[in-house]
Structures are given as structure tokens and as C-alpha cells.
Amino acid sequence: MDIVLKVNNLTKTYSGSEGKLVRALEEISFEVPRGIIFGLLGPNGAGKTTTIKSICGLVQPDAGSISVNGWDVQCQRAKALAQLTAVLEGNRNIYWRLTPRENLEFFAAIRGRKPRRLNREIPELLEVFGLTEKANQPVRKLSRGMQQKLALAVTLVTGAPILLLDEPTLGLDVKASYEIRSLLRRIVQEEQRTVIITTHDMNVVQDICQHVVIINEGRIVANDNIQHLLDLFQVRSYDLVVGQLTPGQRTGLEQIPHLRLEPVNSGWQISLDMENPTLLWQALDVLGSEQTPIESVSRKELNFEKVFMEILGGAKA
Ligand code: ATP
């Protein structure tokens with residue numbers, strides 16, 4: 001596998017208020033392969049921005065190293081940073097007094113892109129991002145969604161193979177959020193660029209990320225393929241709807257760990273977050289003892305938001 005980013009034992013402590021030390025990152029290590037959308041997730045204050053800023057060379061870590069396409073961010077800074085481009089605060093990386101076209105020309109120029117290729121590339125980008133009609137209007141007059149699309153277009157025109165995007169869909173309406181998602185998929189599939197996003201929107205994660213790292217209180221609590229995480233949690237959760245239970249059965253079921261019992265119209269709902277399959281057999285034994293009718297058995301549909309909450313819950317326990 002072609003690894004484009006290696007973060008190795010990254011540690012960062014800030015001095016907070018009244019001289020108190022804030023341990024923002026504690027020996028974080030992960031790798032990002034080429035050509036995927038990679039999610040860097042975690043609750044507020046987990047350490048995501050510190051990680052992203054360290055990768056961009058904007059924060060000096062206390063310990064650890066970062067290499068981008070083989071170049072060390074601290075020792076070979078210019079070469080490493082030339083490999084990446086970042087949108088750190090939504091739509092603020094663009095110039096609001098300039099037009100979309102001028103922004104694209106400006107950011108391409110400061111990255112040393114050749115004008116001849118840009119004559120074709122900039123109109124193409126404006127078209128793909130739905131900005132052709134607004135190409136010559138000052139950016140401050142564009143909607144937030146358009147500004148965010150332009151911010152993304154600007155990262156592309158730099159030609160950098162790695163894009164770091166902090167909350168790329170924040171504050172966008174559903175349509176604009178879907179458009180940005182499909183643009184990101186396209187960038188990755190057609191151009192083999194690598195996209196690293198932070199987001200609190202787990203629908204976006206489930207929709208476009210292939211791999212995630214979840215940080216909590218400065219430590220990595222999950223580093224896995226997203227489908228694997230979904231599968232892992234899905235097979236462990238079942239819902240059963242059953243008929244009426246005797247008091248003895250209820251007591252028996254309530255003693256089974258990870259089992260929740262709730263009354264429903266026709267009887268009871270049993271929710272079982274299984275640590276191992278023997279718990280389901282135990283529940284079935286209790287039901288079988290009175291030949292209780294089982295109306296339905298379903299594997300609970302977990303979305304990534306629930307997986308995320310489960311992982312964070314587990315991390316705190
Ligand atoms: P959010 O989702 O809220 O943006 P985050 O995961 O990006 O959070 P960071 O901004 O990396 O989290 O912050 C990690 C920890 O470091 C937090 O406790 C934060 O208060 C602290 N921190 C971040 N920057 C500084 C700073 N410049 N000075 C002091 N403490 C800081």
C-alpha cells in the first residue's frame with residue numbers, strides 16, 4: 001500500500017490558563033494510504049485541529065514526527081508542505097474581495113502552476129463546481145455553499161496530492177452538502193488524490209470515508225476501516241419482539257448482561273448488545289421455558305453515529 005502520510009508518536013501539550021498544562025495529543029500514530037477519503041474524528045477538544053495543524057506545520061509538536069509523501073514536516077518542511085493543501089476554517093481560505101476566477105488564478109500562481117495549463121483547468125473547475133455563472137463576482141456576494149465549493153476548488157488548483165479539510169460541509173444545506181460529498185468522491189476516484197477530513201457529521205463520514213481514526217482526549221481510540229467498524233458493531237446488536245412474559249421470565253432476562261427490556265404494544269422488546277453469542281442463547285432459553293411467541297428477530301441497524309458513540313462510551317469506561 002502506498003502511504004502518503006505517516007504520523008508517528010505525536011505528542012503536544014499547551015500551556016492553558018493559570019499555567020495549567022493541557023495535554024492535547026498523547027503519542028498519536030496513524031498512516032493514511034493514497035487515494036482514499038480518511039476521517040479524523042472525535043468530540044470537541046479531542047485533538048483533531050492540533051493534529052491537522054501539526055501536519056500543516058502550523059503547530060510545533062513536543063515529540064513525534066510527521067512525514068508527507070516521505071518528506072519530514074520538521075526537517076524537510078518546504079518539500080513536505082508542497083505535498084498538501086488545507087482548508088482549516090470553512091470558507092476563510094479564499095479572498096472575499098476577489099472573484100472566484102481571480103482566487104483560482106492567485107492560488108495557482110503562488111504554488112507555481114504553469115499558466116498555460118491553467119487556461120484550460122480554471123474554466124473546467126468553475127464548471128465542475130457550478131461556479132461558472134458567478135466566476136466574475138466578488139466572493140463576498142456568493143452564498144456560503146458557493147464559497148465553500150470555491151474553497152475546495154482552490155485546494156484542487158494548487159495541484160497538491162493531499163487535501164486536509166476541516167469540516168468541509170459545516171453549515172451547508174442538504175443539497176450543497178451532497179454536492180461537496182460527490183465532488184470529494186470524484187477527486188479521489190478520478191485523480192487519486194487523498195482527502196483527510198475532520199467532521200462532526202457522522203452521515204458524511206458514513207457516506208464518503210473509507211477509513212477513520214477516532215481521537216478522544218488526545219489518544220486514538222479507533223483506527224479502522226469504516227465498513228469493518230460498522231460490521232463489528234452490527235453483528236453484536238439484536239432486537240427481538242416477543243409476546244407476554246411471566247414475572248419469572250422478566251427477572252431471568254433482566255439478569256442477562258447487555259440486555260434491555262421494554263414493554264411494547266403486544267408484549268416486550270428485547271434489545272441485546274452482545275459481547276458474545278451465548279447471551280442470545282441465554283435469552284432464548286428463558287423465552288423457550290414458557291414457549292413465549294417470538295414475533296420478530298432483527299439485527300439492529302446501526303449507523304455510524306451509534307458506532308462512534310459506542311466507541312467513545314467504551315473509551316470512557
Ligand atoms: P473541536 O472539535 O472542538 O474543534 P478538536 O478536536 O479540534 O476540537 P483541539 O482544538 O485540537 O481539539 O484541542 C485539543 C485540546 O487542546 C483542547 O483541550 C483545547 O482546549 C486545547 N488547546 C487547543 N489549542 C490550544 C491553545 N492554543 N492553547 C491552549 N490550549 C489549546
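How far is an oxygen atom of the ligand from an N or O atom in the side chain of lysine 48? In this predicted model, the separation is 2.7 Å. The table lists this pair with two others that involve a ligand oxygen atom.

| Residue | Protein partner atom | Distance to a ligand oxygen atom |
|---|---|---|
| Glycine 47 | polar backbone atom | 2.9 Å |
| Lysine 48 | side-chain N or O atom | 2.7 Å |
| Threonine 50 | side-chain N or O atom | 2.5 Å |

The ligand on its own exposes 650 Å², of which the protein buries 61%.

The shell around the ligand consists of Tyr14, Val22, Ala24, Pro43, Asn44, Gly45, Ala46, Gly47, Lys48, Thr49, Thr50 and His200. By class, five of these residues are nonpolar, six are polar and one is charged. Strand E2 (21-33) and helix H1 (48-55) each contribute at least two residues to the shell. The largest contribution is that of H1, with three residues.

E2 also belongs to an open sheet of four strands, ordered E2-E1-E4-E5 and paired in the antiparallel sense. E2 and strand E5 (71-72) are the edge strands, and each has a single partner, so one side of each has no neighbour in the sheet. Helix H1 packs on this sheet, where it touches E1, E2 and strand E4 (63-68). The direction of H1 makes about 120° with that of E1.

Strand E1 (residues 3-15) is joined to E2 by nine bridges in an antiparallel pairing. Tyrosine 14 is opposite valine 22 of E2, and both Tyr14 and Val22 are among the residues that surround the ligand.

Note on methods
Residues are numbered from 1 along each chain as its sequence is written. This is a predicted model: local features need pLDDT of at least 70, side-chain atom pairs count only at pLDDT 80 or more; totals for chains, interfaces and linings use all residues. Side-chain values use heavy atoms; hydrogens and water are left out. A residue is near a molecule or strand if one of its heavy atoms lies within 4 Å of it. A polar contact is a pair of N or O atoms within 3.5 Å; within protein, one must be able to donate a hydrogen and the other to accept it, and residues adjacent in sequence count only if both atoms are side-chain atoms. Accessible areas come from the Shrake-Rupley method with a 1.4 Å probe; for residues, only the protein chains shown count as cover. Ala, Val, Leu, Ile, Met, Phe, Trp, Tyr, Cys and Pro count as nonpolar, Asp, Glu, Lys and Arg as charged, and the others, Gly among them, as polar. Two strands pair if DSSP finds at least two bridges between them. Contact means heavy atoms within 4.5 Å. Axes are lines fitted to C-alpha atoms, for helices over the stretch in contact, and angles run from 0 to 180 degrees between N-to-C directions.
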